[in-house]
Amino acid sequence: MILTVAFGKGGTGKTTTVQCLYHAARRQGFKCLAIDTDPQANLTAAFGASTNSRGCYEVITGKADAADVIQETEQGDIITAGLQMAKAENELAGIAGSDLALKAALQPISAQYDFIFIDTMPERTRLQVNSIIACDSVLLPMQANAFSIMGLYQMKDTINQIRNNPYLNPKLTVSGILLVKYNPRQNLARDLTEAIQAEAEAMNTVVFNTHIRQGVDIEKAQAMKQSIFDYAPRCNPAIDYANLFEELKGRL
């Protein structure tokens, strides 16, 4: 199963969601691979991986096979966003069929893993589109605010375009919309949740019952290059992400 975590806006917890779902799966015995396609390389840093080695840039531009660039870290296997990742966008523009580059590159290794989790850029770019075309399902993390609603509209359009093209990913599903940094006590959050649920229905998906609460332990764990389940297993985000993984398994 290849799951891409994507959204059309920054600050919605994509990297955190990938990392936490990865570790929720791994601690249940699933074999997992993380892929960082964001030139900011936040997931790479959170895994304590090297940005100096070959990684996603070489894979997506056809300069290396995916199997040859996987880094084995204390947190697990990852294909990193290295120092050259920022050049990939321009290079892909000159390659015919470049939107399918990551999908093709992952085919030889996909059967080796139970879950492959892909982190993405916050804008609609060739890198983001590649990540969505390459996956079986996409998960959309967002906050319940007006700016995130705009990002959801953008993602709906991108996903529909990919689904409607028989050469891209017509079997693409949306596993669900995830509300992050959620505070049910805020009236605006409650009001916008209804609008988000309506959009979910239009996308033939759901808003996950699990909402991710805020907590400083996530950032502390990432700074220490640790899984949240090792660093602070009883904190609210750890509990929420463990519940999310159980809910996610039921939808895949």
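**Cysteines, cores and a covered helix**

Reader: Is Cys235 buried or exposed?

Author: This is a predicted model, so we go by computed accessibility. Cys235 has a relative accessibility of 10%, and the cut-off for buried is under 20%. That makes Cys235 buried.

Reader: How many disulfides turn up in the whole structure?

Author: Take Cys20, which is buried too, with a relative accessible area of 3%. The cysteine sulfur nearest to that of Cys20 belongs to Cys235, 8.3 Å away, while a disulfide needs the sulfur atoms within 2.5 Å. Searching the whole structure gives a disulfide count of zero.

Reader: Why is helix 6 largely enclosed by the rest of the structure?

Author: Look at residues 126-133, which make up helix 6. Among the buried ones are Leu127, Val129, Ile132 and Ile133, along with Gln128 and Asn130. Their cover includes strand 1, strand 5, helix 3, helix 4, helix 5 and helix 7. Helix 6 is largely enclosed because its buried residues number seven of the eight.

Reader: Which helix gives the most to the largest nonpolar core?

Author: That core holds 53 residues, and Leu106, Leu140 and Ile196 have the most contacts inside it. The top contributor puts in five residues, and that's helix 7.

Reader: What does Ile196 touch, leaving out residues up to four places away in sequence?

Author: Ile196 is one of the residues with the most contacts inside the largest nonpolar core. Leaving out those sequence neighbours, the list runs Met142, Gln143, Ala144, Ile149, Leu152, Ile177, Leu179 and Val207.

Reader: How many residues are in the second, separate core?

Author: Leu43, Phe117, Leu178 and Leu248 are among its members. The count for this second core is 33 residues.

Methods
Residues numbered from 1 in each chain as written. Predicted model: local features only at pLDDT ≥ 70, side-chain atom pairs only at ≥ 80, totals over all residues. Heavy atoms only, no water. Buried < 20%, exposed > 50% of the residue type's maximum accessible area, 1.4 Å probe, protein only. Helix = DSSP H or I, 4+ residues; strand = E, 2+ residues; numbered from the N terminus. Contact = heavy atoms within 4.5 Å. Core = buried A, V, L, I, M, F, W, Y, C linked by side-chain atoms within 4.5 Å.
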